[in-house]
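Hi,

Here's the structure I said I'd pass on. Have a look at it first, and then read my notes underneath.

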Amino acid sequence: MNETEPLFPDLPQDPPPAVVRTPPARARVLLPNRLQMELRASTLESLLGEGRRARWVWGYVERQDLRGLYAVIKSREGGAGRAASAPEILFALWLYADS
């Protein structure tokens, strides 16, 4: 037997490559809300009657200096990620819940 001759000529020299099959990921889709009763055009202003406590709270919040709260928001225009909730909304919800 010489060195160029394989030791076992009947067997394949290189093992076949292993085939790894991964199951496909589930599709991420938005489904319709089939229980939705109606769509109507309205504004937040039209949904809240005059003289309600929520209007008073929002009026107070609009007059506050919230620059300090905006300064600590890490989500910035042109960057990745979702937008942060406006400090006005969170402050108004806190005041409304506490009143």
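Below is what turned up, starting with the helix pair.

A word on the basis: this is a predicted model, with local features needing pLDDT of at least 70 and side-chain atom pairs counted only at pLDDT 80 or more, while totals for chains, interfaces and linings use all residues. Residues are numbered from 1 along each chain as its sequence is written, and side-chain values use heavy atoms, leaving out hydrogens and water.

Helices α2 (residues 53-62) and α4 (residues 87-98) have axes that come within 9 Å and cross at roughly 130 degrees. Helices here are DSSP runs of H or I, at least four residues, numbered from the N terminus; axes are lines fitted to C-alpha atoms over the stretch in contact, with angles from 0 to 180 degrees between N-to-C directions. The pair is therefore oblique, meaning outside the bins under 35 (roughly parallel), over 145 (roughly antiparallel) and 65 to 115 degrees (roughly perpendicular).

On the α2 side, the contact (heavy atoms within 4.5 Å) is made by Arg-53, Ala-54, Val-57, Trp-58, Tyr-60 and Val-61. From α4 come Glu-88, Ile-89, Phe-91, Ala-92, Leu-95 and Tyr-96.

Which α2 residues are buried (under 20% relative accessible area, 1.4 Å probe, protein chains only)? Val-57, Gly-59 and Val-61, and the buried residues of α2 pack against α4.

Leu-66 is worth a click too: leaving aside neighbours within four places in sequence, Leu-66 is in contact with Val-61, Pro-87, Glu-88 and Phe-91.

Lastly, Arg-76 is in the loop between α3 (67-71) and α4. With the same sort of neighbours set aside, those within four places in sequence, Arg-76 touches Tyr-70 and Ala-71.

Cheers

Conventions:
Helix = DSSP H or I, 4+ residues; strand = E, 2+ residues; numbered from the N terminus. Buried < 20%, exposed > 50% of the residue type's maximum accessible area, 1.4 Å probe, protein only.
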